[in-house]
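User: Please take a close look at how the helices pack here, with one helix pair in particular. Then place that pair in its wider setting.

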Amino acid sequence: MTIQLIDELIKVCMVLLVVLTALVISRRNLISLINTYALHSLVLSAIAFLFFLGEGANVFLYASILTIITKLWLIPALLKRTQKIMKIYTDLEYHYLHPTSSIFLSLFIVIIVFLAFSGIKDDLGLDPFNYFGVVMGFSLVLIGFMIIFSRIKIITKTIGYLVMENGVVLLSFFVGEMPFLIEVMVLMDLLALVAITSILGFGMNSSIEEFHKRLNPFRNWFKKVDEK
Amino acid sequence: MLIVILSVLIAVMLAIILSRSLNMMNYVTVFHSVFVALFPVYLLVKGVLPAVFHKSRYLVVDTLGAYEILITGVIFFFAAIYAKGYVACLIKEGELSKANVKLFYLGYNSLLLAMVLAFSSNNLSVLWIFAEITTIVSAVLIVTLNAKENIVAAMKYVFITSTAMLFSFIGLILLFAASKNGSGAATLNWDALLQASHQIQPQLLFFSFVFIFIGFAAKSGIVPFHTWLPPSHSKAASDVSVLLSGSVLNIGIYAILRVYALVAKSSMGHEASMMVLVFGIITVGIASLSMLQKTNLKKLIAYSSVESMGFMLIGIAAGNIFWVLYFVAAHAMVKALLFFSAGIIHRQYGSMSMAEIKGVFRLQPLAALGLIIGSVAIIGTPLFPMFMPKFYIIASLAKASLFSAIILLLFLLIAAGSFVWLILQLVTMQGAAPEPYEIYPSMKIPILALILLLLVFGAYFPLPLSGILAEMVSLLGLGG
């Protein structure tokens, strides 16, 4: 595959990301929202893989595999389980912004980021292709942040955080081989998992005992602790 | 040396996992804290600072890192001693289930380990990773208590700080790109960045600093990212509150200070200093005003931590790093004293409401003394260690901007008023009260030791400490 073709494919993936982000903003059905997020992550994984083909750096391959494992399988599966147990099917509650106004605000965010980064793109050593990627990555972060603020349900807020995370990872791809990117990705996913697990434990039946059973995986490993 | 340290740490974790007894877990934790506290002392005495652990220079303990590790070790040591009796009380009262004790001690030791590694991180990405690990482990420690509000508080903590920390990581990405384009050496190693900072484009450096500041300010409870701090610190078990307030909050200020050192000497240094000053003053202002309305003892102390973090930012902006660093140690000691005492008050009254604390001198005289000395110390009374840093930082600010110094003084007076009110409540509130709650001696020892330490450091400023503080200022390149 030639470098030019890879660059074109990455551009196509970025357009897909824009469309999927708009869908994440507008989805009210939670299952559909989770599936859209999973697709969003699949595209991110494809971008990482294309970077690996283009630049040959292993970090992109690891990022692609990690994205598939955590963002395409583990996190969506846990989110779906949470949604099923909590019996919430739609999220119609919003702070300040409704889906239509959120989409308009997102467009505004992309334009502002484009203009803001135009002043420093030379200092960052970005060519037009990488500049486009950085703008998209940063816009995703802000759009994820907007989702956190505009949605009320914690499960949807978590998806906002995950979109932000995808934005940060995308941004780092276009800036270069960021040190410790994989470790950082693992940690960000871990934080998301902690949040989702807490929702799961807290939302099941609001029973604290139930939560502690989930919290303490060592309960069955060790016998009772003596006080002395 | 790295092998020895890692061996000890693995042994500690294994000992906790395999331990069947509460006492055993506690002794291992005390040993771990002593080891951590002695580690920087050893490096300092041997004169091997900065200690480089790997040729990549990802982990380097310099004087500033060693100083922060020492503070962390001492605070964890006191908290570990306190925990011996406190955990037993929590179990007795049904606030902590026996099944969660192991998780509590594992969390405790993991937090200590993550803190040490964070302060040993020369690479800013590594620092970010360990700072985030402290968030996860702290949240686990908060939720080990059997209370639903603790889960909400911990979730708020994880959510707010992690979201803000994503912005910090963007700052690091930009800083990495800037270092590649400016100096040609793509790195996030702090010492290399400090050397190359003059080659990095100043606007870009400032831009990175703003993003990095957002995340680490949230870690330190700086306004407007502070909303997680009062519920987390007040709902957590008192010895966990000590760790969070006296130690974990320091990571944020530490990281801000490191990155501020990179930008301060550039042509954007003034803008960075103005930004830090504005955040500092707003933080002190909001915290002081919030303290006025507080009737919950631990919430009052938690808001005081927000105020102290804001004050540290002001000290950084005023360029008085020497006294900021001294303030960090003094603040850790005072907060530990206040939270330890509050822990005993909670055992006695089963509540943190100040209106219910009656006849405390008859029931819990040591806790009452601890609260009064802690309150007197935290407001910056002369002959206590927080007086000198407060005095010199305000003086430095007055030199730069008299108006800002007057505003700051006003806010500090309001904050002091809240603690004076607390002292008056403690002294004057009498009434029919229950019998004294039996407090374990291990809960009294840290309070007595901290009172003694505060009196000693208030009356005497050791000369070697002055040399160490000056060395740290010089290391950061922020002297003069």
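Analyst: Start with chain B, in what is a predicted model. Helices α3(B) and α13(B) are roughly parallel to each other, because angles under 35 degrees count as such. Their axes cross at roughly 5 degrees and come within 10 Å. Here α3 of chain B spans residues 63-92, and α13 of chain B spans residues 321-349.

Now the residues. From α3(B), the contact uses Y67(B), I71(B), I75(B), F78(B), Y82(B), Y86(B) and C89(B). From α13(B) come L325(B), V328(B), A329(B), A332(B), A336(B), F340(B), G343(B) and R347(B). By class, the α3(B)–α13(B) contact has 13 nonpolar residues, one polar and one charged.

Chain A offers another helix pair. Helix α2 (residues 30-55) of chain A packs with helix α3 (residues 58-86) of chain A at an angle of about 175 degrees. The two axes lie 7 Å apart. α2(A) and α3(A) are therefore roughly antiparallel to each other. Their contact divides into 18 nonpolar, five polar and three charged residues.

Next, the contact between the chains. Chain B gives 45 residues to this contact and chain A gives 40. On the side of chain B that touches chain A, α3 of chain B appears again, among the elements that give two or more residues. The others are α2 (22-46), α4 (101-119), α5 (124-143), α6 (148-182) and α8 (202-220) of chain B. α6(B) gives the most, with 16 residues. This side of chain B has 27 nonpolar, twelve polar and six charged residues.

Definitions and conventions
Residues numbered from 1 in each chain as written. Chains lettered and ligands numbered in written order. Predicted model: local features only at pLDDT ≥ 70, side-chain atom pairs only at ≥ 80, totals over all residues. Axes fitted to C-alpha atoms, helices over the stretch in contact; angles between N-to-C directions. Helix = DSSP H or I, 4+ residues; strand = E, 2+ residues; numbered from the N terminus. Parallel < 35°, antiparallel > 145°, perpendicular 65-115°, else oblique. Nonpolar A, V, L, I, M, F, W, Y, C, P; charged D, E, K, R; others polar. Contact = placed C-beta atoms within 7 Å.
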